[in-house]
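Work through the following exercises with the coordinates open beside you, and try each task before you read its solution.

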Amino acid sequence: MHSFLVDGKTQDIVLRFFINDISFRLCVFQKSIGLRTGIGIAIMDFDYWHSHWVKNEIRFHQGTPNQSLVACFKRLNLDPSARVFVPLCGKTRDIAWILDKGCSVVAVEYERIAIDQLFDELAVKPVVTDVGAFKHYSAEGLDVYCGDFFDLTSELLGSIDATYDRAAIVALPLEARSRYATHLKRLTKCAPQLVQTAAVYPANPQKPPFEVSLTELRSHYGNDYGLTCVDQRETPVLKEGYVDYRIYCWLLVPKAR
Ligand SMILES: C[S@@+](CC[C@H](N)C(=O)[O-])C[C@H]1O[C@@H](n2cnc3c(N)ncnc32)[C@H](O)[C@@H]1O
């Protein structure tokens, strides 16, 4: 009996994960149907993001530091001199916030418009060089690789103390998400992470942000990390046009080997 005596907030979380889980399974099912019947499924490509950057349709961009980052960054237990990886960084203000904490940042972003605006808004002039498949933008405490995340190597990335994933894994369709997680773990040698996932109702399986349920997150990271939900909140900026929009922030701590 006692297990039913949960407060409204806990009930809410359980219900949302349940719905999220069903949505994940539905998405896998849709994908398998799609593959068998040739029905189109969510395929994201660089043109999609490029057209959004060109038209400045970047509703995912937040003008101020992300609230879950501000609330939970200390949970990573980092030294002040830590090096933080920000995959699929866009022009996030979170980079400035992390730099302000004394950490250095290494980031990757495909879209050059985003990187130019990132440095403009930081009021920093980077040194730009060609490194393999990337343009490398370098400034004090900050390295940004312009190119495909999947081309990044651990040699280029260097040593990482933590990964901050905001609107990165959720920006990718299902097929790419497991490749993303596998590549990220290899690149960072399973460094601790703060990861944000989204619950969007009604979910749109064709457009980001994509639903990433706890079941799915565990399937990507559960073997290597312990997962704890450290924050959740609604995002009013993106709420318009959705029935509901909620962000969960997860702390991923590597399991002892
Ligand atoms: C939803 S936005 C999030 C940006 C940023 N994390 C933020 O919080 O504002 C996703 C970004 O990922 C970039 N992106 C998508 N696929 C990528 C890839 N394979 N490699 C590098 N960047 C990619 C897009 O250009 C876009 O700017």
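The exercises below concern a predicted model, and each task is followed by a solution in steps.

**Exercise 1. Overall make-up**

Task: State how many helices and strands the protein has, and what percentage of its residues count as buried.

Solution: Begin with the secondary structure, which comes to 9 helices and 9 strands. Then turn to burial, where 35% of the 257 residues of the protein count as buried. Finally, consider the contacts with a sequence separation of 6 or more, of which 68% are accounted for by residues 24 or more positions apart.

**Exercise 2. The surroundings of strand β1**

Task: Determine which strands are joined to β1 by bridges, and in which direction they run relative to it.

Solution: First locate β1 at residues 83-87, a strand that is mostly covered, with 4 of its 5 residues buried. Next follow the bridges to β2 (residues 104-109), where 5 of them join the two strands in parallel, and then those to β6 (residues 162-165), where 2 bridges join strands that again run parallel. Val 84 serves as a reference point for both pairings, since this residue stands opposite Val 105 in β2 and has Ala 162 as its bridge partner in β6. As a last step, trace the chain through helix α4 (residues 94-100), which together with β1 and β2 makes a right-handed β-α-β unit.

**Exercise 3. Val 212 and the nonpolar core**

Task: Decide whether Val 212 is buried or exposed, and identify the residues that it touches.

Solution: Place Val 212 first, in the loop between β7 (193-201) and α8 (214-221). Count next the other C-beta atoms within 10 Å of Val 212: there are 26, and because burial requires 20 or more, the residue is buried. Leaving out residues up to four places away in sequence, Val 212 touches Ile 169, Val 170, Arg 177, Thr 197 and Leu 217. Now take the view from Ile 169, whose contacts beyond four places in sequence are Arg 177, Tyr 180, Ala 181, Val 195 and Val 212. Ile 169 also belongs to the largest nonpolar core, which has 59 residues, and is listed there with Val 84, Val 86, Ile 95, Val 105, Ala 107 and Val 144 among the members that touch the most others.

**Exercise 4. The ligand shell**

Task: Describe the residues that surround the ligand by number and by class.

Solution: Start from the count, which is 20 residues, the closest being Trp 49, Leu 88, Gly 90, Tyr 110 and Phe 149. Then sort the shell by class, which gives 13 nonpolar, 3 polar and 4 charged residues.

Technical notes. Residues numbered from 1 in each chain as written. Predicted model: local features only at pLDDT ≥ 70, side-chain atom pairs only at ≥ 80, totals over all residues. Near = placed C-beta within 6 Å. Nonpolar A, V, L, I, M, F, W, Y, C, P; charged D, E, K, R; others polar. Buried ≥ 20, exposed ≤ 12 C-beta atoms within 10 Å, placed from the backbone. Pairing = 2+ DSSP bridges. Right-handed = clockwise from strand over helix to strand, strands pointing away. Core = buried A, V, L, I, M, F, W, Y, C linked by C-beta atoms within 7 Å. Contact = placed C-beta atoms within 7 Å.
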